[in-house]
Structure formats: C-alpha cells, structure tokens
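Me: Please take a close look at a single part of this model. Pick one residue, then work outwards to the strands around it and the chain as a whole.

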Amino acid sequence: MSIDIIEDSMPCDYCGTLIQFFDDDFAICPECGAEFWNMDYTGEFPGDNPDHV
C-alpha cells in the first residue's frame with residue numbers, strides 16, 4: 001500500500017473512513033491502516049521530526 005496525499009476530513013481511498021489529521025502532517029486510517037500525508041499541512045517540511053531532532 002502506498003502513502004497518499006489528501007485533505008483533512010476526506011474519506012479514505014480504500015475504506016471510506018473520514019481521515020482526521022488533528023494538525024499533524026501524517027495520519028493512518030483507523031479502519032484499514034492506509035497511510036496519508038496532509039496536503040494542507042502548514043509546517044516547514046512534511047515528515048520532519050519536531051525541532052529537527
């Protein structure tokens with residue numbers, strides 16, 4: 001399964017569950033385990049560790 005890019009509160013491409021990012025850049029679907037990047041993320045770089053640790 002690949003990592004897809006979607007907006008917050010959009011349905012999962014695989015099972016239809018609404019995906020909530022809760023101000024994060026990454027989420028995993030609670031129903032099927034699909035992984036998503038948040039296209040509306042406002043941080044510096046999606047996937048970076050906080051404080052560049």
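Reply: Start with Asp 4, which sits in strand S1, residues 3-6. Keep in mind that this is a predicted model.

Is Asp 4 buried or exposed? Its relative accessibility is 16%. The cut-off for buried is under 20%, so Asp 4 counts as buried.

Which residues does Asp 4 touch, once neighbours within four places in sequence are set aside? There are contacts with Asp 13 and Tyr 14. Asp 4 also contacts Glu 35, Phe 36 and Trp 37. Strand S5 covers residues 35-38.

Now the sheet. S1 belongs to an open sheet of three strands, ordered S1-S5-S4. Pairing in this sheet is mixed. S1 and S4 (26-28) are the edge strands, and each pairs on one side only. From one strand to the next, the twist averages 30°.

Look next at the other edge. S4 pairs with S5 in the antiparallel sense, over three bridges. Phe 26 has Trp 37 of S5 as its bridge partner. Trp 37 is also among the contacts of Asp 4.

Finally, step back to the chain. It has five strands and zero helices. Along the sequence the pattern reads β-β-β-β-β. The chain has 53 residues, and 21% of them count as buried. Take the contacts between residues at least 6 apart in sequence: 23% join residues at least 24 apart. The accessible surface comes to about 3900 Å². Carbon and sulfur atoms account for 51% of that surface.

Key. Residues numbered from 1 in each chain as written. Predicted model: local features only at pLDDT ≥ 70, side-chain atom pairs only at ≥ 80, totals over all residues. Heavy atoms only, no water. Helix = DSSP H or I, 4+ residues; strand = E, 2+ residues; numbered from the N terminus. Buried < 20%, exposed > 50% of the residue type's maximum accessible area, 1.4 Å probe, protein only. Contact = heavy atoms within 4.5 Å. Areas by Shrake-Rupley, 256 points an atom, 1.4 Å probe, with all protein chains shown as cover. Pairing = 2+ DSSP bridges. Axes fitted to C-alpha atoms, helices over the stretch in contact; angles between N-to-C directions.
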